[in-house]
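Hi,

Here is the structure I promised to pass on. Have a look at it first, and then read on for what turned up.

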Protein chains: 2
Amino acid sequence: MYHPTRERSGRERDQMEIKSKVLVIGGTGYLGKRLVKASLGQGHETYVLYRPEIGVDIEKVQVLLSFKEQGAHLVQGSFNDQRSLVDAVKLVDVVICAVSGVHIRSHQILLQLKLVDAIKEAGNVKRFLPSEFGTDPAKMENAMEPGRVTFDDKMVVRKAIEDAGIPFTYVSANCFAGYFLGGLCQPGHIIPSREHVSILGNGKEKAIYVDEDDIAMYTIKTVDDPRTLNKTLYIRPPNNILSQREVVQIWEKLIGKELRKSTISSEEFLACMREQDYAEQVGLTHYYHVCYEGCLTNFEIGDEGEEASELYPEVKYTTVEKYMKRYL
Amino acid sequence: MYHPTRERSGRERDQMEIKSKVLVIGGTGYLGKRLVKASLGQGHETYVLYRPEIGVDIEKVQVLLSFKEQGAHLVQGSFNDQRSLVDAVKLVDVVICAVSGVHIRSHQILLQLKLVDAIKEAGNVKRFLPSEFGTDPAKMENAMEPGRVTFDDKMVVRKAIEDAGIPFTYVSANCFAGYFLGGLCQPGHIIPSREHVSILGNGKEKAIYVDEDDIAMYTIKTVDDPRTLNKTLYIRPPNNILSQREVVQIWEKLIGKELRKSTISSEEFLACMREQDYAEQVGLTHYYHVCYEGCLTNFEIGDEGEEASELYPEVKYTTVEKYMKRYL
């Protein structure tokens, strides 16, 4: 029998076929929340791991419930229960892990080794995106202590993924706009001052700032894209590659006023850093590499990588100026 | 000259006149977020205190930014800077404080004494709603240690308010639905089990469960209402006055299955409680008074109080059954 309502165009069929089911782990976190939203928004059947360790953290539970209301499936599972991880992974095609790797929040990067084992055992996953979303650890062999732990641990996870033969995409998203633009590139600040800014070094090293919603958008775009299979996706929106001084200028233009400026030499920065506690030191090391050394922009993307705004020119990413208007 | 577009009906004029400007303190918290939303939603010009102590808590900062986007004004101020509190208070007619008083989050009730001083000094505030939103402390003279600290501290704040002659409304909102319904009235749980529940005592003492959005809705309704001036607003939605066993029955009906049940006698509950740390003990004391003693429903509302669902019958409050459907 002929059912006209069941007829689909070739394009529609293709689109339906390529929408993988996605599991997000760490879905209540800062980036995880946005990944879930983007995954649902792009029409993926979306699963979110609900970890019993959440306890009586009512705001996280309510985030999970709101995902459910928006159509996501909650799946119980725990890093302390390998069986539960395997079962969760078996439900989907793509696994995205967004557990925190920032020491001032929590550093759970190596927990992912259990997830790698689970994905290997399950055997059905077409793509795994481990928790990266920052500086490319493969470019940070010479990073300083103690911040290098972030990169070292991420490389351990990468090795486990590749040894297990799991298809992957690594996402290097560079600087989260909320932290870097909110703070005018100053560590310890996330609301831009209208009075004063400390310039790190000469303030001229270029960094790359990405709206966290755009990170999530590009990340989800990549999951079914053969061009990013077993590659690193670098998110480098061309208009957002700017030095600290350029960021400050944009802000000054928006508020119609020049900020008072002082300068922190690299020696001063490092001396201050050594007085902080461990978690702070890790974060400050990253600011050092980004703002004093320009580690995000001192290399070309090679054959192992792709650039997000080139792959997905249809995404109208948020410019630095537009992002900063929210603080006015 | 006659401007027809400037003409307003008497009713519109009245509504415009009675919409006070509202300042919310603690606006990024669990209840505070909802108060800001309700205040904006009911058309009040809404101010939210932005405390520099927020540091690099990026999720709170982003909540503040989203309020700004929705039309709220952010006002810098700190409990460590009395001048800033006075200045903030001078901007508005009504001050609502929602700093946390729950020890497992933080217990900041007595900080409000500084706010009382600021309101007194500013001299312009038409109504102050201190952080209450739970059990009426005036009914808890005989509460147990260590939980009674919550009630004692709230009474200290009440006395300061009344001694200063500040017009007030106290809101007794009873049990937050997220905690009590989510946990089937069991402390330490906020997601309802589909397998088992521990019944506290005979499970027959009546408590009162209120959707947190409804708490915020009623609270904002009261700020310009002369009927609640210098009174306590009790939120007692009649259909939500239920025992633990009745709550469990509603859940069982929703999931189509009976839970296994065990019972915790009051002696067992108190013995377990004494083994916990201080913050936990405070919370458990409150569960004890609510679930074993029925402290929320063992008194009539007298002349000093008003009942919210009677005052505002137009509010279609969320019933327990409707609330619990979100967990299905």
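Just past the end of helix 11 of chain A sits A:G294, with a positive phi of about 65 degrees. Keep in mind throughout that this is a predicted model. Helix 11 of chain A itself has 15 residues and runs 20 Å from its first C-alpha to its last, close to the 21 Å expected at 1.5 Å a residue. Quite a list of its residues is buried, including A:Q281, A:V282, A:L284, A:Y287 and A:Y288.

A:T285 belongs to helix 11 of chain A too. Its relative accessible area is 0%, so A:T285 counts as buried, the cut-off being under 20%. What does A:T285 touch, leaving out residues up to four places away in sequence? The list is A:M144, A:E145, A:P146, A:G147 and A:M273.

Over in chain B, have a look at B:H289, which lies in helix 11 of chain B. B:H289 has a relative accessible area of 3% and is buried. Again leaving out residues up to four places away in sequence, B:H289 touches B:M140, B:N142, B:A143, B:M144, B:G294 and B:C295.

Now for helix 6 of chain B, residues 148-163. With 16 residues at 1.5 Å each, helix 6 of chain B should span 22 Å, and its end C-alpha atoms are indeed 22 Å apart. Its buried residues are B:R148, B:V149, B:T150, B:F151, B:D153, B:K154, B:V157, B:R158 and B:I161. After helix 6 of chain B comes B:G165, and its phi is positive, near 70 degrees.

Helix 6 of chain B also has a packing partner: helix 5 of chain B (residues 112-122) lies against it at an angle of about 10 degrees, with the axes 10 Å apart. Angles under 35 degrees count as roughly parallel, so that is how helix 5 and helix 6 of chain B are described. On the helix 5 side of chain B the contact uses B:Q112, B:L113 and B:V116, and on the helix 6 side B:V156, B:V157, B:A160 and B:I161.

Compare that with a pair in chain A. Helix 2 (residues 32-41) and helix 8 (residues 212-222) of chain A pack at about 50 degrees, their axes 8 Å apart. That angle makes helix 2 of chain A oblique to helix 8 of chain A. Which residues make the contact? From helix 2 of chain A they are A:R34, A:L35, A:K37, A:A38 and A:S39, and from helix 8 of chain A they are A:E212, A:D213, A:A216, A:M217, A:T219 and A:I220. The crossing of helix 2 and helix 8 of chain A is right-handed.

One more residue to click on is B:K316, in the loop between helix 12 (308-311) and helix 13 (320-324) of chain B. Is B:K316 buried or exposed? Its relative accessibility is 71%, so B:K316 counts as exposed. The C-alpha atoms of B:K316 and B:D214 are 8.8 Å apart, although 102 residues separate the two along the chain.

Finally, how do the chains relate? A turn of 180 degrees, with a shift of 0.0 Å along the axis, lays chain B on chain A with an RMSD of 0.0 Å. This is the relation of a two-fold axis. In chain B, the C-alpha nearest that axis belongs to B:E59, at 5.7 Å. Because 100% of the interface residues of chain B are also interface residues in chain A, the copies meet through the same surface.

Cheers

Conventions:
Residues numbered from 1 in each chain as written. Chains lettered and ligands numbered in written order. Predicted model: local features only at pLDDT ≥ 70, side-chain atom pairs only at ≥ 80, totals over all residues. Heavy atoms only, no water. Helix = DSSP H or I, 4+ residues; strand = E, 2+ residues; numbered from the N terminus. Expected span 1.5 Å × (residues − 1). Buried < 20%, exposed > 50% of the residue type's maximum accessible area, 1.4 Å probe, protein only. Least-squares fit on C-alpha atoms with pLDDT ≥ 70 in both. Contact = heavy atoms within 4.5 Å. Axes fitted to C-alpha atoms, helices over the stretch in contact; angles between N-to-C directions. Parallel < 35°, antiparallel > 145°, perpendicular 65-115°, else oblique. Left-handed = near helix turned anticlockwise from the far one by under 90°.
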